[in-house]
Amino acid sequence: MEDEGKYRATLACDGRYTSFTFGDRAIRFRTSRALLRYIEVKEWDKGYLVVTAEYDGAAAPVEEYIDLVPILQDLYYDPQAFLGPIREVLVA
């Protein structure tokens, strides 16, 4: 039986930064100061995330969209090589 954990990435919010971690690699990028936390990952599609997030001052959770491909390109990562093995993304 395969170890499913090795195909799982995590998404987290820490202050003004979002972190996306897969295996031994983590990328961080700036987010809104009002972002309190990610609640759930609704969809994962090869670098494109649809998430539910909680914001300070917002009456209800907000649906957000994150495209990791341009972020990875700006960091000189090969998006296909980095994102290809990921099957699932969870909120940390």
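The following exchange works through the core and one sheet of a predicted model.

Trainee: Which residues have the most contacts inside the largest nonpolar core?

Mentor: The largest nonpolar core has 21 residues. Helix 1 (68-74) and helix 2 (79-83) each supply at least two residues of this core, as do several strands, among them strand 4 (35-45) and strand 5 (48-55). Those with the most contacts inside the core are Leu11, Phe20, Leu49, Leu68 and Val89.

Trainee: Which strands stand at the edges of the sheet in the order 4-5-6?

Mentor: Three strands form this open sheet, and their pairing is antiparallel. On average, neighbouring strands in it are turned by 30° against each other, direction ignored. Because each edge strand has a single partner strand, one side of it is left without a neighbour in the sheet, and the strands in that position are strand 4 and strand 6 (62-67).

Trainee: Which residue in strand 6 does Leu49 stand opposite?

Mentor: Strand 5 and strand 6 run antiparallel and are joined by 6 bridges. Leaving aside residues up to four places away in sequence, Leu49 touches a set of residues that includes Leu11, Phe20, Leu68 and Val89, and also Tyr65 and Ile66. The residue of strand 6 that stands opposite Leu49 is Ile66.

Trainee: Is Thr52 buried or exposed?

Mentor: Thr52 lies in strand 5, and, with residues up to four places away in sequence not counted, Thr52 touches Tyr38, Ile39, Glu40, Lys42, Pro61 and Val62. The cut-off for the term is under 20% relative accessible area. Since the relative accessibility of Thr52 is 11%, this residue counts as buried.

Notes:
Residues are numbered from 1 along each chain as its sequence is written. This is a predicted model: local features need pLDDT of at least 70, side-chain atom pairs count only at pLDDT 80 or more; totals for chains, interfaces and linings use all residues. Side-chain values use heavy atoms; hydrogens and water are left out. A nonpolar core is a set of buried Ala, Val, Leu, Ile, Met, Phe, Trp, Tyr and Cys residues joined through side-chain atoms within 4.5 Å. Buried means under 20% relative accessible area, exposed over 50%, partly exposed in between (1.4 Å probe, protein chains only). Helices (H or I, at least four residues) and strands (E, at least two) are DSSP runs, numbered from the N terminus. Contact means heavy atoms within 4.5 Å. Two strands pair if DSSP finds at least two bridges between them. Axes are lines fitted to C-alpha atoms, for helices over the stretch in contact, and angles run from 0 to 180 degrees between N-to-C directions.
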